[in-house]
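Trainee: Could you walk me through one part of this model in some detail? I'd like the overall setting first, then the close-up.

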Amino acid sequence: MATSWRVLRVTLLLFLLVRCLSVASITLIDDADDDLEGLEELLAIDEEEEQKGGGGDGGGAPSRSSEAELLRRAQRIVLELSNENAKKVVDSNEAVLLLGYTPWCPRSAELMPRFAEAATTLREMGSSLVVAKLDAERHAKAASLLGIKGFPTILLFANGTALSYRGGFTKEEIVIWARKKTGVPVIRLSSINDAEEFLRQHQIFIVGLFEKYEGPEHVEFVKAATTDNEIQFVETNDINIAKVLFPEVGTEKKFIGLVKSEPERYEKFVENFEEQKILQFVDYNKFPLVTVLTELNSARVYSSAIKLQVFIFAAANEFKDLYPLLQDVARPYKTNIMFVYVDNAEDNLAKPFLTLYGLEAEKPIVTAFDNRIGSKYLLESDLTRNTLEEFCSGLLHGYLPPYFKSEPIPNEKGLIEKVVGKTFDASVLDSSENIFLEVYTPWCFDCEATSKQIEKLAKHFKGLENLKFARIDASSNEHPKLQINNYPTLLFYPARDKSNPIKVSKKSSLKELIAFINKNIRSDDGRGITDSDHNKKDEL
């Protein structure tokens, strides 16, 4: 089971990389050599045009700035690098936030406007951080020099030293990460107006109340804020300001709380004020009761500190009806089980999971993973409040039986018996016969030739009562005692000891395979095909 989950995680990561497959055009600045001076001139022109355009008050002509124009201006704030100016920009600035992209990569195209919006916000905040982008395909020399190996890639250069990006991919998350890593890990609020404005702008944050911004507890708070890559930390020394953000502060002189924009809005920190405990509190509480999986948050979901995860697959209209039920069931399990919704229409997100289970999305499906031991589970009954609660309780307390996918039980036997997950015990492990098992997958390059070899072998030994040939498609069937990573794999299960199958080399010739079977059948019960019998066989 651990192998299956590792395969899924690798597959999902590959899906994220392979998304870069279609063409997407992006507005670029051609005069890259102008660097920062040219950029300031362009922005000044934009501001002058906006002032001339006037506002919508007093009967004047309303502003004609469209969303596209705002994005165009935001993209101007992002400095375009090239082979000629990349090293100069990185070396001559204290901090540079760089996006490496290619125009044909859809994920680059999705990230570009968010990156530009983040640059605008950072500029408005007075940040001295230089925000830049590089077409890594067009300027391969600069990309190689700066360490850009994939698309999209975000790097922060602090005094010329690169730091890999570890934040989220919304505008807000990019801004938060960039400020944290450039010396502003905590925002300090000194008025109720500031707090109200902060509350309007942030959907999730950590608030700290400290009578004096000093002492070991405050040091640990700042350290946690610096280490965390995603959540904005904010602090105040005024309890009235703190109550604007977290009404349930109480009378404490030192307080930490997490605020989210959902029914379970407020979470109070009750541990000792230590960096690791604060970070653990954030990790276990930052997700909503039911998280909607997207390509932007998928990496964070898969790597969550909450190792028990329940996935609900359903169409968008079905999820709308199920959402209240899911929240009610999830509430008692928060910090213990993470609930994740996956839209069936999102093939890149849903299909890898459903393929792992051998399922089709014909109705709402509930699955689960225990990432501590690599086991997967399936709610095989209809989804109701009672069945979901029982499923989650079994997952949490460890009595839920793991799920192993299986094709339907076949009716025919044949010269080579088809084994599926549901028949592996009866056909192989509990059988009184010697079993020669071929494990294959339809996509395996060498499997077809090996299958033909085994068919010849089965014909050669046809009629021998104590020997059975069988094969199993490992892409559609699983069993806890069949953990195979390479295909094809040939296994011989002696009748005397099915717990220790003998692995047979797939490179063996037909003659070598016949000799192997003869030897092992004789050693098993004294029977088998004798040399004289073998000589009577026709050439295969």
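Trainee: Among contacts in the protein chain between residues at least 6 apart in sequence, what percentage join residues at least 24 apart? After that, please zoom in on the open sheet of 5 strands.

Mentor: Your figure is 72%, for contacts between residues at least 6 apart in sequence; contact here means heavy atoms within 4.5 Å. Bear in mind that this is a predicted model, where local features need pLDDT of at least 70, side-chain atom pairs count only at pLDDT 80 or more, and totals for chains, interfaces and linings use all residues. Residues are numbered from 1 along each chain as its sequence is written, and side-chain values use heavy atoms, with hydrogens and water left out.

For the setting, the protein chain has 19 helices and 20 strands (DSSP runs numbered from the N terminus: H or I of at least four residues for helices, E of at least two for strands). Of its 540 residues, 48% are buried, where buried is under 20% relative accessible area, exposed is over 50% and partly exposed is in between, with a 1.4 Å probe and protein chains only.

Now your sheet. Reading across, the strands go E6-E8-E7-E9-E10, and their pairing is mixed; two strands pair if DSSP finds at least two bridges between them. In general, strands of a sheet pair through backbone hydrogen bonds, either parallel or antiparallel. Out at the edges are E6 (186-188) and E10 (266-268), each with a single partner strand, so one side of each has no neighbour in the sheet. On average, neighbouring strands here are turned by 25° against each other, direction ignored (axes are lines fitted to C-alpha atoms, for helices over the stretch in contact, and angles run from 0 to 180 degrees between N-to-C directions).

Take the E6 edge. E6 runs parallel to E8 (residues 232-236), and 3 bridges join them. If you want a residue to click on, try Arg 188, whose bridge partner in E8 is Glu 235.

There's a helix to look at too: H11 (residues 275-285) packs on the sheet and touches E7 (205-210), E8, E9 (254-259) and E10. The direction of H11 makes about 25° with that of E9.

For a change of scene, jump to Arg 372, in the loop between E14 (365-370) and E15 (375-378). Arg 372 counts as exposed because its relative accessibility is 56%. Leaving aside neighbours within four places in sequence, Arg 372 is in contact with Lys 307 and Leu 308. Arg 372 and Leu 308 are 64 residues apart in sequence, yet 7.9 Å apart in space, C-alpha to C-alpha.
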